[in-house]
Amino acid sequence: MSNTNIIGIYEDETILLDAMDELQKNDVKIKDVFSPIPIHGVFEKLGITTRLPLATFIYGVVGTISVFAFLYWTSVVSYPLKFGGKPLNTLSFIIIMFVLTIFVGTLFTFLTYFIREKMYPGKEVELPVPTTTHDQFAILIEKTPGMKDAEVKKIQDLLTKTGAIEVKDSDVEYDN
Amino acid sequence: MYNTKVRGVLIQGNKTYADVSRDIIRPMDEKAPMWWRVSIFLATGALFWGVWGFYNTISVGIGEWGLNNNVAWGWAIINFVWWIGIGHAGTAFSIFLLILRQKWRTSINRAAEAMTIFAVMSAGLFPLIHMGRIWDGFFIFPYWNTRGPLWDNFNSPLFWDVVAISTYFMASFVFWYMGMIPDFATIRERTTSKIKNKIYGILSFGWIGNARGWLRFETAAILLGGMAAPLVVSVHSIVSMDFSVSVVPGWHTTIFPPYFVIGAIFSGFGMVLTLMIVLRKLYRFKDYVTDGHLDAITRILTFISLIMGTAYLTELFMAWYSGSEYEMFTFMKNRVTGEYKYAFWTMITCNAIIPQLFWSKKIRKNITMVFIISLFINLGMWFERYVIVVTSLSKDFLPATWATYSPTITEIAIFVGTIGLFLLGVLAFFRFVPTIAISEVKGVLKETTTLKSFTDE
């Protein structure tokens with residue numbers, strides 16, 4: 001499968017969002033959008049979602065349970081030592097459980113983000129349009145091998161018509 | 001809706017997206033200015049003096065400090081609490097305001113978070129060195145050991161402190177770093193220097209800014225923010241419990257947790273104000289950190305100052321109303337009047353009275369005055385901790401054990417050293433990292449800017 005993409009470059013996100021509408025109306029499948037800022041409309045139009053909140057919730061639950069298990073084991077099972085006449089299994093565990101739940105949740109959410117995004121220090125990347133980290137926005141449409149010239153032309157025309165300041169092809173590969 | 005232009009323009013000067021990247025990265029590309037070199041020199045000097053103090057303490061022992069049997073906590077704990085308070089700025093700013101969807105935070109949050117990181121680092125040094133035998137510091141961690149196994153006392157606020165502060169540091173750092181990744185990628189793509197391209201390439205973790213990347217980024221940011229927000233409340237509540245679970249007069253009160261948390265946010269905002277005024281002046285960032293931003297901070301400070309005043313009055317009232325003669329003595333004979341009255345009244349003046357000047361619009365608009373008042377707040381909050389720690393310990397139940405306390409040169413050196421460390425961190429941040437969150441400012445640019453093409457819709 002060829003990795004060639006047709007790219008339309010835009011200068012404003014409202015024009016970009018309108019362009020996405022127009023493309024989708026014409027049954028063009030948008031592969032990806034690059035932008036210098038997060039745009040909520042883009043997520044909705046591409047229909048992408050993330051399960052990161054669910055992951056965080058699971059980390060939190062696991063964190064709370066394991067911290068409590070550890071505190072219970074050390075204070076009640078392993079070395080039961082009375083402090084100030086308080087019960088061995090005390091309410092003050094809640095404070096440590098509360099804080100360490102946040103610890104576990106934060107750390108693992110952070111790590112999960114990088115794992116899912118396949119990001120790591122020193123990863124070398126090439127951007128299809130380098131200015132998308134600066135002031136431009138880009139729509140990527142995959143050029144499938146079976147695509148006819150007329151279809152490609154139609155997409156290119158649509159991009160131009162919807163306000164793209166430049167339309168080009170790109171072979172740059174990246175992790176989606 | 002709430003995001004209409006009630007606050008007016010957030011970013012001035014008709015900026016475009018390109019202008020934003022260019023303006024914010026500009027100081028990093030220019031040659032290091034004179035003020036920066038001089039400040040680095042001074043901060044390094046301060047740090048070296050601090051290292052001397054540290055060495056002195058470790059090689060000789062805690063006897064090098066002015067502590068005694070009664071006043072067993074001195075400058076080290078005062079400074080620890082002071083720095084932790086300042087360290088609340090980042091979270092208070094970024095995370096509370098993120099969750100409350102306050103868009104004006106975008107110009108300031110990055111610097112506030114950086115401050116948090118360096119302030120917490122400075123704070124953490126004090127409990128560490130206060131242990132005296134610093135090489136036994138690992139005893140604090142619950143690990144399989146040869147002592148029985150004897151575990152930590154999980155009911156002790158001192159242990160909670162270790163857990164809370166390390167979590168706070170980690171969470172703040174993670175949140176701060178995560179926010180910088182898209183900006184590092186902007187520098188990576190824009191720089192012409194090969195070395196910078198390499199360094200910021202490593203730091204940017206291979207960020208590309210596609211749709212899914214942004215979606216996960218935004219989700220992760222709100223999740224990390226949401227989790228860190230309760231930490232602001234818990235960290236300083238726990239710090240306050242180091243005091244309030246004891247039976248020492250003046251400490252043994254239920255007002256301590258909220259009183260400490262609000263005090264921490266007060267000093268954090270105070271320090272943010274101090275630094276942002278310096279930053280916007282030196283880097284000509286007036287279009288980004290506008291008078292409107294400073295005005296918003298001063299309004300918050302006015303309000304928090306009133307709460308501080310109320311807390312001080314409540315403490316005095318409760319001392320009287322409780323009918324405890326020891327409480328009454330501590331507050332009336334050792335704080336309001338007596339040996340430590342200057343410290344007490346400095347605290348009241350700086351925290352509860354001077355910030356009330358912000359009611360006047362004229363003063364809020366006068367940036368020099370705002371800067372001076374912010375310095376008074378920093379000073380006042382230091383004195384608050386001084387009053388709490390020293391007055392209560394110096395004269396407790398038994399007059400026979402009363403003692404006075406004054407710091408030694410070693411303690412002063414360590415404090416100055418932590419200021420050096422903080423400043424070095426902040427100066428490095430000013431030089432090597434985009435001091436304003438580029439992608440976040442771009443995100444709010446459209447809604448609030450006066451640029452014609454943007455407002456035409």
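This passage describes a sheet in chain A, the helix packed on that sheet, a nonpolar surface patch and a loop residue that touches chain B. The model is predicted.

Chain A contains an open sheet of 4 strands. Their order is S2-S3-S1-S4, and the pairing is antiparallel. Strand S2 (32-34) and strand S4 (166-170) of chain A form the edges. Each of these edge strands pairs on one side only. From one strand to the next, the twist averages 25°. Helix H5 (residues 149-161) of chain A packs on the sheet. This helix touches S1, strand S3 (137-142) and S4 of chain A. The direction of H5 makes about 10° with that of S1(A).

The strand pairs can be taken in turn. Strand S1 of chain A spans residues 5-10. S1(A) is joined to S4(A) by 5 bridges, and the two run antiparallel. Within this pair, A:Asn5 has A:Ser170 of S4(A) as its bridge partner. S1(A) is also joined to S3(A), here by 6 bridges, again in the antiparallel sense. In that pairing, A:Ile9 stands opposite A:Ala138 of S3(A). S3(A) pairs in turn with S2(A), antiparallel, over 3 bridges. There the bridge partner of A:Val33 is A:Ile139 in S3(A).

S3(A) is also notable for its burial. Of its 6 residues, 5 are buried, so S3(A) is largely enclosed by the rest of the structure. In a regular strand, side chains alternate between the two faces of the sheet.

A nonpolar patch lies on the surface. Its area is about 570 Å². The patch is made by A:Leu54, A:Phe57, A:Ile58, A:Val61, A:Val62 and A:Ile65. A:Leu54 belongs to helix H3 of chain A, which covers residues 52-78.

The loop between helix H4 (93-117) and S3 of chain A holds A:Val125. Is A:Val125 buried or partly exposed? Its relative accessibility is 26%, so A:Val125 counts as partly exposed; the buried class lies under 20%. Which residues of chain B does A:Val125 touch? The contacts are B:Arg188, B:Gly206, B:Trp207 and B:Ile208, leaving aside residues up to four places away in sequence. Within chain A, A:Val125 and A:Val77 are 48 residues apart in sequence. Their C-alpha atoms lie 52 Å apart in space.

Conventions: Residues are numbered from 1 along each chain as its sequence is written. Chains are lettered from A and ligands numbered from 1 in the order in which they are written. This is a predicted model: local features need pLDDT of at least 70, side-chain atom pairs count only at pLDDT 80 or more; totals for chains, interfaces and linings use all residues. Side-chain values use heavy atoms; hydrogens and water are left out. Two strands pair if DSSP finds at least two bridges between them. Axes are lines fitted to C-alpha atoms, for helices over the stretch in contact, and angles run from 0 to 180 degrees between N-to-C directions. Contact means heavy atoms within 4.5 Å. Patches are made of residues with over 30% relative accessible area and no salt bridge: like charges are joined within 9 Å, nonpolar side chains (Val, Leu, Ile, Met, Phe, Trp, Tyr) within 5 Å. Accessible areas come from the Shrake-Rupley method with a 1.4 Å probe; for residues, only the protein chains shown count as cover. A salt bridge is a side-chain nitrogen of Lys or Arg within 4 Å of a carboxyl oxygen of Asp or Glu. Buried means under 20% relative accessible area, exposed over 50%, partly exposed in between (1.4 Å probe, protein chains only).
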